[in-house]
Amino acid sequence: MPELPEVETLKLGLQKYLVGHKILDIDILHPKIFYGDKADILSAKVTDIKRVGKGLIIELDNGFCLAIHIKLTGQLIYRDLKTSKFAVSKEKVGTIPNKFTHLIFQLDSGAKLYYNDQRRFGWIKVVKSNEVMNLPFFKDMGPEPSVAKALEGRPILTLEKFRDLLSKSKTIVKPLIMDQKKIGGIGNIYANDALFLARIDPRRKANSLSSSEIKKIYGAIHTVLQKGLDSGGASELTFVNVLGQDGGYQKHTLIYGKRGKVCPNCGKEIKFVRIGGRGTYYCENCQK
DNA sequence: GACAATGTTACAGT
DNA sequence: CACTGTAACATTGT
């Protein structure tokens, strides 16, 4: 997914194009994706879009909201008279709607919001606005790196909190920073790149890291997330922005995905191992 | 065919 | 309770 920079990219796009629109109807082509009663939101108007970690919230003006998680392969694509003229990513979207389109939100003035999802892991839930943070995925979400604005009131990942978290955990550092209950928003691409940038071996135990190493990782996390955001996200699998266009970070990863290639820092071969079930790339020479 | 893929959760085991 | 590993969800690409 869509990790924090990708979801933030979507959020900004939805804010620009969706706010002010009324939801007239929802075509549910695949029921597994949609939870709740669509009658609760018909003719409601979108007032704002929020982000909680890798989750999205579409706020409505009738006391309800839509909580969204696009998991690995979800897409939210907005089309109206104007944006229909923009070309969508030929490779990641093709035509719209397509065989992976599972929900179509019919908006006023003929605008539409499409939810596509190749693997159908994602979900969209109708929830009362004042209960949305009770959803397990949102309730347990850890503090947010401060590169992008999250929902008001969400805790921020300060260096002190980060230091406290790492120094008290016996877990391996890479799965720890990817644990959404510990930190909201970091996934496999940015975890790999942040640890490479900080020159830390992803297999290190968190509580073995020195104070200055922790500070380096903290800085590196913010640097790579910001870079991801500046590139409009990473379109490694199927991610596209709200206009259906590719992001650029996948072309600029530091080490993620470079299996069999050489380290950009020292030229030695990049190692690939599995840590916590996830593909992990690192340079034995540079990351200690 | 085998294996891997930006995520999350449930469960079994240590 | 803390932590690790595995499978599951479904599909595509190498």
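In this predicted model, a backbone N or O atom of Lys 170 sits 3.4 Å from a phosphate oxygen of DNA strand C. Two other residues make polar contacts with the strand too, and the table sets the three side by side.

| Residue | Protein atom | Atom of DNA strand C | Distance |
|---|---|---|---|
| Lys 170 | backbone N or O | phosphate oxygen | 3.4 Å |
| Lys 99 | polar side-chain atom | phosphate oxygen | 3.0 Å |
| Arg 119 | polar backbone atom | sugar or linking oxygen | 3.0 Å |

Which residues surround DNA strand C? They are Lys 99, Phe 100, Gln 118, Arg 119, Arg 120, Phe 121, Ser 169, Lys 170, Thr 171 and Ile 172. Sorted by character, four of the residues on this surface are charged, three are polar and three are nonpolar. On the DNA side, sugar or phosphate accounts for 67% of the strand C atoms within 4 Å of the protein, and bases make up the rest.

Now let's look at the nonpolar cores. The largest one has 42 residues, and those with the most contacts inside it are Phe 162, Leu 166, Ile 177, Ile 217 and Ile 221. Helices α3 (159-167), α4 (173-178), α5 (188-197) and α6 (211-230) each give this core at least two residues. The largest share, eight residues, comes from α6.

What does Phe 162 touch, leaving aside residues up to four places away in sequence? Its partners are Leu 157, Ile 177, Ile 183, Ile 214, Ile 217, Tyr 218 and Ile 221.

Apart from the largest core lies another, with 33 residues, including Ile 23, Val 46, Leu 66 and Leu 243.

Note on methods. Residues are numbered from 1 along each chain as its sequence is written. Chains are lettered from A and ligands numbered from 1 in the order in which they are written. This is a predicted model: local features need pLDDT of at least 70, side-chain atom pairs count only at pLDDT 80 or more; totals for chains, interfaces and linings use all residues. Side-chain values use heavy atoms; hydrogens and water are left out. A residue is near a molecule or strand if one of its heavy atoms lies within 4 Å of it. A polar contact is a pair of N or O atoms within 3.5 Å; within protein, one must be able to donate a hydrogen and the other to accept it, and residues adjacent in sequence count only if both atoms are side-chain atoms. Ala, Val, Leu, Ile, Met, Phe, Trp, Tyr, Cys and Pro count as nonpolar, Asp, Glu, Lys and Arg as charged, and the others, Gly among them, as polar. A nonpolar core is a set of buried Ala, Val, Leu, Ile, Met, Phe, Trp, Tyr and Cys residues joined through side-chain atoms within 4.5 Å. Buried means under 20% relative accessible area, exposed over 50%, partly exposed in between (1.4 Å probe, protein chains only). Helices (H or I, at least four residues) and strands (E, at least two) are DSSP runs, numbered from the N terminus. Contact means heavy atoms within 4.5 Å.
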